[in-house]
Amino acid sequence: MRKIRVAVIGAGPAGIYAADILTKEYERAQVDVFDRLPAPYGLVRYGVAPDHPRIKEIIKALRRVFERGENGAVRFIGNVHYGTDIKLSDLRRFYDAVIFSTGARADRELDIPGIDLPESYGAADFVSWYDGHPDVPRDWPLNAKNVAVLGAGNVALDIARMLAKPADEQLGTEIPANVYQGLALNQATDVHVFARRGPAQIKFSPMEFRELSHSPSVDVIVHPEGFEIDEGSQLAINSSKATKLVVDTMMKYLDQEPTGAPHRIHIHLCQSPAAVLGTDSVEGLRTERTELVGDGTVRGTGEFTDWPVQAVYRAVGYISSHLADLPFDHHAGVVPHDAGRVLDIDGIPVESTYVTGWVKRGPVGLIGHTKSDAAETIASLLADLPGIQPAEISDPDAIFAHLRGSGIDYTTWEEWERLDAHEVALGEEQGRERIKVVPREEMISAGRQAS
């Protein structure tokens with residue numbers, strides 16, 4: 001059993017799970033996990049709404065991967081942007097194999113008239129703002145009283161909740177000062193969530209949907225129009241406990257009388273976005289009524305409704321970005337692969353190059369689903385190992401000399417731990433669990449302060 005060194009590009013759950021599985025199944029593997037941000041955890045840190053602390057419990061498990069043992073089996077190298085700071089040809093000099101787990105950070109396009117008007121936003125940018133991502137503007141305009149959210153998944157639900165929930169109710173979370181200040185100026189009173197299909201096709205997680213009404217400041221109103229259960233819907237309800245729970249919760253909301261809370265989240269079913277209305281900014285949203293056709297899909301009815309909203313957020317899915325020196329399926333938004341082996345334009349495996357996570361399968365499934373995905377990729381890598389050529393440079397620390405020589409200001413796991421402690425200390429000063437540091441330069445500086 002020879003030693004192998006593997007680079008993982010992307011320090012979110014997918015990349016960390018891949019490192020964990022590889023080092024457990026092959027005891028002589030050493031993995032360096034790179035990320036373009038100075039901090040690890042990817043989607044968990046920068047894609048999950050801050051008022052979901054239970055979901056963020058997964059960080060404890062991810063942390064253990066880096067902390068397991070003292071032999072440096074898994075190392076974190078942050079603040080290194082693949083394609084800009086380091087190329088695939090560079091990585092192949094230092095590593096036997098490379099695994100890409102860069103996720104999906106861009107918004108999938110929605111091709112309807114007016115979608116590019118001012119006050120029409122993609123979900124990814126707004127999520128990055130309220131999660132304190134260092135690479136987005138610090139301010140967010142929240143002047144609209146009536147807001148439309150397009151989509152029927154958990155991201156749409158998170159956005160609706162963040163827009164409806166008063167800022168003071170967010171003070172128990174890790175939101176940074178600029179996000180609290182922005183939310184404190186939020187003018188939204190009514191947030192309208194539009195789903196193209198019916199209640200059995202909604203992709204909300206049951207727990208998140210139930211928790212939508214936990215704020216005393218928010219009424220959840222499900223509008224009866226479009227609440228249809230066809231044959232395909234009933235089959236989905238009968239075959240999925242999660243679907244049944246979502247539909248049951250929706251029926252409870254449907255039967256509830258509004259409490260008179262100052263903020264409202266409206267759920268509109270069987271309404272497909274047709275156009276964003278306005279000249280110089282968003283003035284409304286036009287939707288087309290749809291009807292179920294028996295198999296869970298819908299067709300348009302030609303019946304249109306105009307909704308007077310002043311902002312639109314599209315949460316219709318994320319898509320991965322094309323990575324330098326890798327083939328890419330632009331339609332599907334993924335890297336072509338066979339069981340995690342990257343395939344070139346002719347369908348031939350690219351030597352010692354692999355993918356896992358959303359850049360491999362698309363942005364579907366919950367965080368936990370990435371484990372089985374990573375296991376498949378690692379199985380392929382280990383099966384290929386006899387034919388993989390050893391790296392040109394075997395010294396594990398040579399990568400650091402290369403980065404320094406290229407002027408790359410990389411960060412380490414030890415620096416992340418100091419930044420982590422700094423954020424916790426900031427929170428303790430205000431009686432909170434943590435306050436997230438936002439500017440990249442401040443993140444790096446906090447990680448280099450003497451403990």
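Biologist: Let's start with Gln-271: is this residue buried or exposed?
Modeller: This is a predicted model, where local features need pLDDT of at least 70, side-chain atom pairs count only at pLDDT 80 or more, and totals for chains, interfaces and linings use all residues. We call a residue buried under 20% relative accessible area, exposed over 50%, and partly exposed in between (1.4 Å probe, protein chains only). Gln-271 has a relative accessible area of 8%, so Gln-271 is buried.

Biologist: With which side chain does the side chain of Gln-271 make a polar contact?
Modeller: Residues are numbered from 1 along each chain as its sequence is written, and side-chain values use heavy atoms, without hydrogens and water. Gln-271 lies in strand S11, residues 271–277 (helices, H or I, of at least four residues and strands, E, of at least two are DSSP runs, numbered from the N terminus). A polar contact is a pair of N or O atoms within 3.5 Å; within protein, one must be able to donate a hydrogen and the other to accept it, and residues adjacent in sequence count only if both atoms are side-chain atoms. At 2.7 Å, the partner of Gln-271 is the side chain of Thr-287.

Biologist: What is the relative accessibility of Arg-196?
Modeller: UniProt, in an unreviewed entry, lists Arg-196 under "binding site"; such annotations may be inferred rather than shown by experiment. Arg-196 lies in the loop between strand S8 and helix H8, and among the residues in contact with it (heavy atoms within 4.5 Å) is Gln-271. Arg-196 counts as partly exposed because its relative accessibility is 44%.

Biologist: Trp-358 is listed by UniProt under "binding site" too, so is it buried or exposed?
Modeller: Trp-358 lies in helix H11. Among the residues Trp-358 touches are Leu-43, Tyr-318 and Gly-365. Its relative accessibility is 17%, so Trp-358 counts as buried.

Biologist: Which helix gives the most to the largest nonpolar core?
Modeller: A nonpolar core is a set of buried Ala, Val, Leu, Ile, Met, Phe, Trp, Tyr and Cys residues joined through side-chain atoms within 4.5 Å. This one has 48 residues, and Tyr-130 and Ile-159 are among those touching the most other members. With seven residues, the top contributor is helix H6.

Biologist: Why does this core lie where it does, and which domains give residues to it?
Modeller: The domain bounds come from an automatic or database domain assignment. The core lies between two domains because both give residues to it: domain 1 (4–105 + 320–409) and domain 2 (109–316).

Definitions and conventions:
Lists of a residue's contacts leave out its neighbours within four places in sequence.
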